[in-house]
Amino acid sequence: MNKAWWKESVVYQIYPRSFADSNGDGIGDLNGITSKLDYLQKLGVDVIWLSPVYRSPNADNGYDISDYEAIMKEFGTMEDYDRMLKAAHEHGIRVVMDLVVNHTSDEHKWFIESRSSRTNPKRDYYIWRDPVDGHEPNNWGSNFSGSAWKLDEKTGQYYLHLFAEKQPDLNWSNPAVRREVFDMMTRWCEKGIDGFRMDVISLISKPEGLPDAAVMGGGLYGDPNICANGPHVHEYLQEMRKTVLSRFDLMTVGECAGVTLEEAKKYANAAGTELNMVFQFEHVGLDGGDGIKWSTKKMPLVPLKENLSKWQNGLDGVAWNSLYFCNHDQPRIVSRLGNDSDQYRERSAKAIATVLHMMQGTPYVYQGEELGMTNYPWKSVDEFNDLESINGYYELTEKAGMKPEELFPMIAHKSRDNARTPMQWDDSDNAGFTTGKPWLAVNPNYRKINAKEQVARPDSVFNYYRQLISLRHSSELIVYGHYELLLPDDPDLFVYRRYLDDKELLCAANLSEHARTFDIPERFRSGRVLIQNMPEHDVRDGQIAPYEAYVLLKSE
Ligand code: GLC
Ligand code: CA
């Protein structure tokens with residue numbers, strides 16, 4: 001087994017806009033992050049990944065970058081950034097930056113030049129095509145609704161945008177684009193950052209000839225995921241590795257829409273020629289609707305176990321897993337897989353964390369997950385900020401004929417805004433996130449669910465996460481051990497074992513509302529309990545309560 005610090009780390013994702021506001025303008029900022037480093041150190045995380053903090057007009061909250069080497073005005077200055085980076089390092093926390101280079105903002109200087117004329121030297125930095133029979137060059141849809149092509153009147157050509165119109169795709173087949181991106185990355189590395197999370201990096205190489213794609217949900221457009229794992233993506237990443245990544249001690253994780261197990265073995269190969277690990281999407285797609293993301297379904301346990309186990313076993317020894325349920329694009333896991341009622345919220349949040357954090361891979365905690373924060377009780381589409389939710393609602397109701405009263409609850413359940421409501425720090429106004437008016441509504445449950453209360457209470461979700469994180473830091477078995485799923489067909493229980501040399505552990509969780517029995521194998525019965533979410537129970541009695549979870553070490 002090849003050891004590495006990034007395999008032994010736990011990563012905490014910060015969505016800066018919603019984390020902590022230091023100056024009362026209602027928007028989280030860099031000084032806010034700096035002020036919360038003690039909290040993160042207490043939690044015990046090794047790395048923070050910051051969602052984009054670069055200059056941006058915020059069509060997609062910073063994922064549309066107009067200057068990769070300036071800080072978003074609302075978030076502060078480069079001096080604030082440098083201070084935050086230094087302070088994080090002094091707290092023993094590394095900093096991973098979001099790298100959004102599949103596309104830029106249409107307000108980036110490259111695009112402004114590119115669109116200025118057909119002969120501009122930067123024309124070929126983006127993907128321009130002539131109309132075909134007066135229409136779009138192909139049938140691709142944007143991930144945020146509508147066509148993926150936008151006609152630019154001035155030069156009479158269309159440009160490609162797999163996301164919003166204000167996010168034109170860069171042309172990675174142009175070596176000058178790759179050079180610009182690699183130089184920019186190098187300058188950030190020289191500043192002392194510790195890695196990159198690469199936004200939709202699986203989409204950078206478009207298929208030869210840009211052929212039409214199979215039509216997706218709602219039946220209006222071709223699926224832009226036809227660009228996933230394109231013909232030159234591995235070549236480009238190998239070039240990136242040689243040119244930039246190999247020269248620094250970094251952690252790299254690729255956000256890989258459409259990645260399969262076989263592709264992941266290439267992106268995250270153990271020889272280290274590309275990235276350290278990828279985010280795969282299969283498990284978070286299991287509760288999707290019919291051809292669309294939107295649904296009110298609960299995440300089904302048997303397929304979830306099957307999928308995560310496939311990734312555990314498939315990458316063991318040949319690549320490396322990243323372990324996540326939550327991020328800024330996913331609804332809150334306790335509302336999705338767990339049970340966010342008063343009775344079970346804390347217990348189920350802990351149980352879900354247990355099954356994730358005991359797996360092989362690098363775990364990611366998304367801000368507020370460590371408190372068991374829940375989805376927001378949305379009442380109307382006007383409350384959303386996220387363009388995916390808003391555009392999806394109007395496209396599907398107005399063009400695809402879905403009934404608003406059927407669609408709304410589905411969007412409310414899956415909207416990315418569920419993850420983006422402000423962090424709940426305490427029970428004062430606006431959850432202590434801001435003294436001003438928060439840019440997105442604070443979840444009304446903050447008086448009950450907040451960091452201040454949980455840090456102080458030994459049996460809180462926060463303190464359970466602390467325990468899980470510290471267990472990983474003290475156990476090679478948890479970080480590097482092999483994995484085997486037990487009871488694959490059980491609809492309520494998620495049980496697996498991990499083993500390494502002569503060591504072995506058993507992780508068991510009841511992810512249902514039914515009391516169950518589970519016969520613990522003999523060799524664990526006299527072993528030590530590493531962690532349990534119902535410490536008042538003797539786990540060895542064979543009873544496993546709703547949302548109970550525990551981890552047992554095999555006796556010596
Ligand atoms: C990724 C980001 C998401 C963003 C999209 C376009 O999926 O995680 O938030 O909207 O890429 O950059
Ligand atoms: Ca602010």
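The side chain of Asp-64 reaches the backbone nitrogen of Ala-59 at 2.6 Å, in a model that is predicted. Asp-64 lies in the loop between strand S3 (54-55) and strand S4 (67-71), where strands are DSSP runs of E with at least two residues and helices are runs of H or I with at least four, numbered from the N terminus. Asp-64 is buried, meaning under 20% relative accessible area with a 1.4 Å probe and protein chains only. Even so, Asp-64 has no salt bridge, a term that requires a side-chain nitrogen of Lys or Arg within 4 Å of a carboxyl oxygen of Asp or Glu. Lys-166, the nearest side chain of opposite charge, is 6.0 Å away from Asp-64.

| Partner of Asp-64 | Distance |
|---|---|
| Ala-59, backbone nitrogen | 2.6 Å |
| Lys-166, nearest side chain of opposite charge | 6.0 Å |

Leaving aside residues up to four places away in sequence, Asp-64 touches, among others, Arg-55, Ser-105, Lys-166 and Gln-167, contact being heavy atoms within 4.5 Å.

The chain as a whole comes to 16 helices and 20 strands. Its radius of gyration, taken over C-alpha atoms, is 23 Å, close to the 24 Å that the globule rule gives for 556 residues, so the chain is as compact as a globular protein of that length; the rule is 2.2 Å times the number of residues to the power 0.38. Of the 556 residues, 62% count as buried.

Residues are numbered from 1 along each chain as its sequence is written, and chains are lettered from A and ligands numbered from 1 in the order in which they are written. Local features need pLDDT of at least 70 and side-chain atom pairs count only at pLDDT 80 or more, while totals for chains, interfaces and linings use all residues, and side-chain values use heavy atoms, with hydrogens and water left out.

Technical notes
Buried means under 20% relative accessible area, exposed over 50%, partly exposed in between (1.4 Å probe, protein chains only). Lys and Arg count as positive and Asp and Glu as negative; His and the chain ends are not counted. A polar contact is a pair of N or O atoms within 3.5 Å; within protein, one must be able to donate a hydrogen and the other to accept it, and residues adjacent in sequence count only if both atoms are side-chain atoms.
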